[in-house]
Amino acid sequence: MVESDAVAERYPELEFSLPKGIHYIAPDASVHASSLLVFHPASLSIYVDDTFEIPPSKLINTMQADLGLHPTTLKALKDELNAGKEYCDWATQLAHKWRDVRNFCGAHSGLVKFEEGRFEAALLSAIDRARPELEA
């Protein structure tokens with residue numbers, strides 16, 4: 001399976017991260033907020049299939065790319081007391097760990113380029129906006 005240790009060991013040039021606090025495969029098939037995120041440090045590129053999204057406007061993204069969470073993230077939360085906090089903490093740690101991302105390849109947004117340091121700021125901003133609802 002793509003999220004297995006065997007795959008990670010096969011591709012040591014890549015870093016992988018699986019969201020915490022939300023279902024990887026949700027019981028409701030219409031909820032698909034989680035994905036295995038892949039970072040390629042050599043090219044400063046990240047691939048994300050739905051967990052984070054870029055607004056569809058190429059004009060906005062040309063001026064300053066912004067990130068958002070998948071619209072079904074709240075519905076994807078596990079039925080556990082601190083699931084929202086666990087998700088927000090995971091995303092915050094990811095923003096710091098992968099702060100150097102310059103190329104964001106999203107499943108539905110294509111390639112978006114971030115200026116130096118902007119990915120970290122954009123992801124932290126998205127989490128800050130969502131945290132009150134996700135942790136409620």
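Phe-52 is buried, and Trp-90 is buried too, where buried means under 20% relative accessible area, exposed means over 50% and partly exposed is anything in between (1.4 Å probe, protein chains only). The model is a predicted one, so local features need pLDDT of at least 70 and side-chain atom pairs count only at pLDDT 80 or more, while totals for chains, interfaces and linings use all residues. Residues are numbered from 1 along each chain as its sequence is written, and side-chain values use heavy atoms, with hydrogens and water left out.

As for confidence, pLDDT is the predictor's own score for each residue, from 0 to 100. The protein chain has a mean pLDDT of 90, with 93% of its residues at 70 or more. Among its elements, H4 comes out highest at a mean of 98, and helix H2 (residues 58-63) lowest at 49. Where pLDDT is low, the predicted coordinates should not be read in detail. Helices (H or I, at least four residues) and strands (E, at least two) are DSSP runs, numbered from the N terminus.

Now to the rings. There are five aromatic pairs in the structure; rings of Phe, Tyr and Trp (its six-membered ring) pair if their centres lie within 6.5 Å, with planes under 30 degrees apart called stacked, over 60 edge-to-face and the rest tilted. Phe-52 and Trp-90 make a stacked pair, because their ring centres are 5.8 Å apart and their planes sit at 20°. Since Phe-52 belongs to strand S4 (residues 52-53) and Trp-90 to helix H4 (residues 83-97), this pair ties together parts that are 38 residues apart in sequence. Another pair, Phe-104 with Phe-114, is edge-to-face, at 6.3 Å between centres and 75° between planes. Here strand S6 (residues 103-106) provides Phe-104, and the loop between strand S7 (110-113) and helix H5 (118-134) provides Phe-114, ten residues apart. Phe-104 is buried at 0% relative accessible area, and Phe-114 is buried at 3%. Ring pairs also join Phe-52, Tyr-87 and Trp-90 into a cluster.

Trp-90 has a polar partner as well. Its side chain and that of Ser-17 share a polar contact of 2.8 Å, that is, a pair of N or O atoms within 3.5 Å; within protein, one must be able to donate a hydrogen and the other to accept it, and residues adjacent in sequence count only if both atoms are side-chain atoms. Ser-17 sits in strand S1 (residues 15-17) and is buried, with 11% relative accessible area.

The largest nonpolar core (buried Ala, Val, Leu, Ile, Met, Phe, Trp, Tyr and Cys residues joined through side-chain atoms within 4.5 Å) runs to 33 residues, and Ile-46, Phe-52, Leu-67, Tyr-87, Phe-104 and Phe-119 have the most contacts inside it. Strand S2 (37-40), strand S3 (45-48), H4 and H5 each put in at least two residues of this core. Leaving out residues up to four places away in sequence, Phe-119 touches Ile-46, Leu-67, Trp-98, Arg-99, Val-101, Phe-104 and Phe-114, contact being heavy atoms within 4.5 Å. Val-101 lies in the loop between H4 and S6 and is buried at 0% relative accessible area. Beyond its neighbours within four places in sequence, Val-101 has contacts that include Phe-39, Leu-44 and Ile-46.

Finally, the cysteines: the structure has zero disulfides, a disulfide being a pair of cysteine sulfur atoms within 2.5 Å. Cys-88 is buried at 0% relative accessibility, whereas Cys-105 is partly exposed at 30%.
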